[in-house]
Amino acid sequence: MTQFSIVVPTLNEAENIHPLLARIFALDLEPSSFEIIFVDDGSSDGTQDKVRAWKDCSNIRLIKRQEKPDLTASILAGAASANSEIIVVMDADLSHPPERLMAIVKPVLDGHYDITVGSRYVPGGSIENWPFYRRWLSRVGGWIARPLCDINDATSGFFAFRRELIASIADNARGYKILLELIMAGQGKLRALEVPICFSDRVNGTSKLSFSHQTTYLQRLVSLAGGTVTTNTASRFALVGLFGVLVDALIFQLLITQGAGLALAHILSFFVAATVNYSFNSKWSFRQHHDGHLNWPQFGRFLTVGAFALLLRGGILALLVYSWQMPTAFAIFPAILATAVINYLGSAFYVFPYQEKPPTLDIRWRVAAIGLVSFALLLRLVYLAQAQLIPDEAYYWNYAQNMELSFYDHPPMVAWLIWFGTAIVGNNEFGVRISAFLCNLVAIGYLYALACNLYDKSTAMRAVLLFAVLPLGFASSLLMTPDAPLLAAWIATLYYMERALLAGQRSAWLGMGIAFGLGMLSKYTLGLLGIAALVFVVVDPVARSWMKQKHPYLAAMLALLLFSPVIIWNINNDWISFAFQSTRLMGENEPFSTHYLIMHSMIMLTPLGFAAAMLVLFKGEKYRNAPYQNRQRLFVQIFTGIPLVIFFVLSTFDLPKFHWTAPIWLAILPSLAWMIGRPEIYAKLTQRLLAAWQATIIICLLSYAMILHYLVLGMPGIPYPIVTNHYFWRETVSEIEQIVEQVKQQSGEKPLVVGMSKWSVASALSFYQSSPDAMNIRSRNFFSDSGAMYDLWHPSSQVPTTRPIILVGMQRSQLEQDRWGNDFDQMLDQPSAIQSKQVMRYDGVLLRKVYYKVAQGYRGTGALENY
């Protein structure tokens, strides 16, 4: 009985037929257990005669194809005529070692796997005598397929599979890599195994690989991913796009000359051009994927893609006009071209997708993850330098200007990272924030690895997508606050804890000690993971054995060593940082705030994400089997639940800040991502919740893009002062410097400028002043109030002075009384009335108001006693 069939496609391989068959028959195989089917594509060198020369072997057959040579078609023809249900495919040029035949076919014969691949790119695999360019092409071909399939060598031509899988391949499958067709058609459902082989370059004959094969491979890969990216559609889209560029640019220039603002001009011109482009693309570029009439859902998807491109190009336009000082007449063209790629890929994969044989749900989520995560990263990178610093970031920048081992209200990691970025890029927004972006990349890498370990590659890609688009991940990668390194260290610690506690890897304790120590240098909140780890070790009987081994204790000592700068600084400063944190948590008498904790969590996760997280925590996931997966669930529930319980207890007598809750949800992201890919095993209500993820993700990304566009360029019809009293410090500082210069000219002395908030105003003034000595800046601790690190940088003084003082506040009330009800006028000499100044952008747009008061001197805090 024939157990498996070997299909060998040939085209001018005469010199290789005898050596190939000799090596196959030299194997210790029963001739009746297999057959060899040669499928020839019209060879002209006598290949068919060489096969016929083995006519005495009854298990050798020859099929002559008359159609145009095509490797996939040849393999399908051979498989169709096979006498067995297990098919092995190999090349005739001896590049695939016949000696590895049984290693390839046996796992499929035994029923353990659906596909077995002879791989060059797994441990034990190798390539011999191949020129560099062929190695490079093969590697690139595998790399671009890797995100969409779960094997390392997607371009391998040596593999075995069950013949029934052919039914899943599209009828128009073509090209030279049928393995890709099989893997992609069954992605997420197939059991695939890679077996190492040594691939050797052919000795006889010439390679059939050509440039057309490579382009066909790329086009087929895109089609299998659900896209319609072809040379035909791309060229037509380019022609339509050129016309759209002309329409866009002409309307833009017309609006600019009529006095329209930059934002209004580029938004209106874009939507006119987008509507024109849709008409032409739907009727011409993607005609075969369109019904021929206006399709409102499709047009809505086109506008969604257009909105993404529009909001991104706003950042590019701002970069060119504001930062590079490029004239608007020229800046619009690179801005248009830079976002044309987004329009095309969005149209090809989302607006006019490939519909003949749609990809699986797993593939669609992978494509969405690749596209949306790439867009989110690009969006942040473009706006990183354009959006002004918020006061918190300016405060931490002041850390870096006054570098110490630690600081009053935070550990030093944020200062170290800002110092690193500004040392390389300079004291600007990009220099301050680039480390946040890098921390986000580190977090993405560890989250991907963690989700792969807990679940699988598809889940990992969805987990990264959730992290990139949910508020808890997006904001941390855009703003340089302690949360940026905290989230990276938190996920890294989770990864090493999973490796140590679930996988039992001793070496993981070293990584955990480093990650935990660096996390504590970022924010003390990471200590909650230590409590969770202790609970897990106590609860889980397998992990409990670690309590008797040295590795956890060495990891704790390593973490403590890394944390030692904070301890040393606190020793030298009377433990004020630890005292401050303890007072903030335990000393303040705040009302019951659990409802705020829930609200903050819903902001960080979105309401949908919060609902899904509750399902995981309290209802558990539906697993199909046994112990290790039960430990996975326990790991997720404890490392999310313990920090959550602690915050819940604190919220009963304290008010937690809304961003404090962000890291506690990181452990549950892989579980949320797993649920998204398994809607069929949940009840109907839960399925509806899971189906809402697509809209949630799009709304989140569009919201971020709109906010960034609003802050940098504005939004027509939405005035600034409503929501920007704490923003636009660059323009505000310019106005304050003019007031400083006026006071200096009137008094003959350089005035003190006092920011009348704990640290926000003083920090923003310091960062955005035109030069380091443009103003002499203090914080409100000048009046003996709390100023956080300003208490150490510029201690308050009760000594009177005749030096002029300018009080600056974001609100009028900040200049009237201190927190205890004391009137500031009692401490000032000849104070003026509170004045306000409108802060305008260069184009006359009102940005905000700033409040200030001028005094001719300071009487000292003792003046309150004499008042």
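**Entry 1: helices α18 and α20**

I began with a pair of helices and noted that α18 passes α20 in a right-handed crossing; a crossing is right-handed if the near helix is turned clockwise from the far one by less than a right angle, and left-handed if anticlockwise. The helices (H or I, at least four residues) and strands (E, at least two) are DSSP runs, numbered from the N terminus. This is a predicted model, in which local features need pLDDT of at least 70 and side-chain atom pairs count only at pLDDT 80 or more, while totals for chains, interfaces and linings use all residues. Residues are numbered from 1 along each chain as its sequence is written, and side-chain values use heavy atoms, with hydrogens and water left out.

I then looked up the geometry of the pair: the axes of α18 (residues 483-501) and α20 (residues 527-539) come within 11 Å and cross at roughly 15°. Axes here are lines fitted to C-alpha atoms, for helices over the stretch in contact, and angles run from 0 to 180 degrees between N-to-C directions. The two helices are therefore roughly parallel to each other, where angles under 35 degrees count as roughly parallel, over 145 as roughly antiparallel, 65 to 115 as roughly perpendicular and the rest as oblique.

On the α18 side, the contact (heavy atoms within 4.5 Å) is made by Trp 490, Thr 493, Leu 494, Met 497 and Leu 501, and on the α20 side by Leu 528, Leu 529, Ala 533, Phe 536 and Val 537. By class I find nine nonpolar residues, one polar and no charged ones in this contact; Ala, Val, Leu, Ile, Met, Phe, Trp, Tyr, Cys and Pro count as nonpolar, Asp, Glu, Lys and Arg as charged, and the others, Gly among them, as polar.

**Entry 2: helices α12 and α15**

I looked next at α12 (residues 361-383) and α15 (residues 429-454), which pack at an angle of about 165° with their axes 10 Å apart. That angle makes α12 roughly antiparallel to α15, and the crossing of α12 past α15 is left-handed. From α12 the contact takes in Leu 377, Arg 380, Leu 381 and Tyr 383, and from α15 Phe 430, Arg 433, Phe 437, Asn 440, Leu 441 and Ile 444. I noted the classes here too: seven of these residues are nonpolar, one is polar and two are charged.

**Entry 3: salt bridges**

I found 22 salt bridges in the structure, each a side-chain nitrogen of Lys or Arg within 4 Å of a carboxyl oxygen of Asp or Glu.

In one of them, Arg 730 meets Glu 429 at 2.5 Å, N to O. This pair links distant parts of the chain, with Arg 730 in helix α28 (residues 729-747) and Glu 429 in helix α15, 301 residues apart. Arg 730 is partly exposed, with a relative accessible area of 34%, whereas Glu 429 counts as buried at 7%; buried means under 20% relative accessible area, exposed over 50% and partly exposed in between (1.4 Å probe, protein chains only).

Another joins Glu 85 and Arg 163, whose closest N and O atoms are 2.7 Å apart. Glu 85 lies in the loop between α3 (71-80) and β4 (86-89), and Arg 163 in the loop between β7 (159-162) and α6, 78 residues apart. Glu 85 is partly exposed at 47% relative accessibility, while Arg 163 is buried at 19%.

A further bridge is that of Asp 114 with Arg 162, at 2.6 Å between the closest N and O atoms. Asp 114 sits in the loop between α4 (101-109) and β5 (115-119) and Arg 162 in strand β7, so the pair ties together parts that are 48 residues apart in sequence. Both Asp 114 and Arg 162 are buried, and the two are linked with Glu 164 and Arg 191 in a network of salt bridges.

**Entry 4: helix α6 and Gln 814**

I checked α6 (residues 178-185) and found it mostly covered, with seven of its eight residues buried: Ile 178, Leu 179, Leu 180, Glu 181, Leu 182, Ile 183 and Met 184.

Gln 814 is found in the loop between β12 (805-809) and β13 (828-829), and at 18% relative accessibility Gln 814 counts as buried. Leaving aside neighbours within four places in sequence, Gln 814 is in contact with Met 756, Ser 757, Gly 809 and Phe 824.

**Entry 5: the whole chain**

I closed with the totals: the chain has 31 helices and 16 strands, and 55% of its 867 residues count as buried. Its C-alpha trace spans about 120 × 75 × 50 Å along the principal axes. Of the contacts in the chain with a separation of 6 or more, 76% are between residues 24 or more positions apart.
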